[in-house]
Amino acid sequence: MLILIPFQVNFTDFHMESHPDCGFDYVEIFNGPYASSPSIGRFCGTSPPTNFRSQSNALRIVLFTDFSMSEHGFRMTYEFNTQGKTFTLWFVFFYIVYLW
C-alpha cells in the first residue's frame, strides 16, 4: 500500500537572473516526479513561487542556468506531517559565476 504524504514548499529567499520569459536562469516546478508531470510554472528574478502544497509525495524542481550572470540563488524549505509529527527540511542553492 502506497501512502501519499503531501508537503508544503516555501521559498524564503529567491534571487535569480531576471527576464520577462525566464529565458536565462529559472526554477521550474512540476507537480509530480517526472518531466511530464504538470508544470506549476517557471520562476526567475526576485518573485519566488508562492507557498504551495504538493498534490502527492513528489515534486520535481529543476534549476536551469546559462551561467552568464550571477545572482544569489535561492533558499527553500519543505515541510510534511506524518504520524502527528511535523518535519521541516532546508535546501539552499547559491551560485557564483566567473567569466574569464
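Colleague: Among contacts in the chain between residues at least 6 apart in sequence, what percentage join residues at least 24 apart?

Modeller: The model is a predicted one. Contacts between residues at least 6 apart in sequence form the reference set here, and the portion asked for joins residues at least 24 apart. That portion comes to 65%.

Colleague: Which elements does the chain contain, from the N terminus on?

Modeller: The secondary structure holds zero helices and seven strands. Read from the N terminus, the order of elements is therefore β-β-β-β-β-β-β.

Colleague: What percentage of the residues in the chain is buried?

Modeller: The accessible surface of the chain is about 6,700 Å², and 57% of this belongs to carbon and sulfur atoms. A residue counts as buried under 20% relative accessible area. Of the 100 residues in the chain, the buried ones make up 34%.

Colleague: Which strands are the edge strands of the open sheet of three strands?

Modeller: The open sheet has the order β3-β2-β5, and its pairing is antiparallel. An edge strand pairs on one side only, which applies to β3 (39-43) and β5 (60-64). Neighbouring strands of this sheet are turned against each other by 15° on average, direction ignored. The edge strands are β3 and β5.

Colleague: Which residue of β3 stands opposite Glu-28?

Modeller: Strand β2 covers residues 26-30 and is joined to β3 by four bridges, the two strands running antiparallel. Opposite Glu-28, in β3, stands Arg-42.

Colleague: How far apart are the closest N and O atoms of the salt bridge between Glu-28 and Arg-42?

Modeller: A search of the whole structure gives one salt bridge. Glu-28 forms a salt bridge with Arg-42. Glu-28 lies in strand β2 and Arg-42 in strand β3, so the pair ties together parts that are 14 residues apart in sequence. The closest N and O atoms are separated by 3.3 Å.

Colleague: Is Arg-42 buried or partly exposed?

Modeller: Glu-28 has 12% relative accessibility and so counts as buried. Buried means under 20%, and exposed means over 50%. Arg-42 has a relative accessibility of 44%, and it therefore counts as partly exposed.

Colleague: Which residues does Asn-10 touch, not counting those up to four places away in sequence?

Modeller: Asn-10 has its place in strand β1, which spans residues 7-15. Its relative accessible area is 18%, so Asn-10 is buried. Residues up to four places away in sequence being left out, Asn-10 touches Asn-51, Arg-75, Met-76 and Thr-77.

Colleague: Which residue in β6 is the bridge partner of Phe-11?

Modeller: Strand β6 comprises residues 73-82 and pairs with β1 in the antiparallel sense over eight bridges. Within β6, the bridge partner of Phe-11 is Met-76.

Colleague: Which residue in β4 stands opposite Gln-8?

Modeller: Two bridges join β1 to strand β4, residues 52-53, and these strands run antiparallel. In β4, the residue opposite Gln-8 is Arg-53.

Colleague: What is the phi of Cys-22?

Modeller: Cys-22 is placed in the loop between β1 and β2. Its relative accessibility is 9%, so Cys-22 counts as buried. Most residues other than glycine have a negative phi. Although Cys-22 is not a glycine, its phi is positive, at about 50°.

Methods: Residues are numbered from 1 along each chain as its sequence is written. This is a predicted model: local features need pLDDT of at least 70, side-chain atom pairs count only at pLDDT 80 or more; totals for chains, interfaces and linings use all residues. Side-chain values use heavy atoms; hydrogens and water are left out. Two strands pair if DSSP finds at least two bridges between them. Axes are lines fitted to C-alpha atoms, for helices over the stretch in contact, and angles run from 0 to 180 degrees between N-to-C directions. A salt bridge is a side-chain nitrogen of Lys or Arg within 4 Å of a carboxyl oxygen of Asp or Glu. Buried means under 20% relative accessible area, exposed over 50%, partly exposed in between (1.4 Å probe, protein chains only). Contact means heavy atoms within 4.5 Å. Accessible areas come from the Shrake-Rupley method with a 1.4 Å probe; for residues, only the protein chains shown count as cover.
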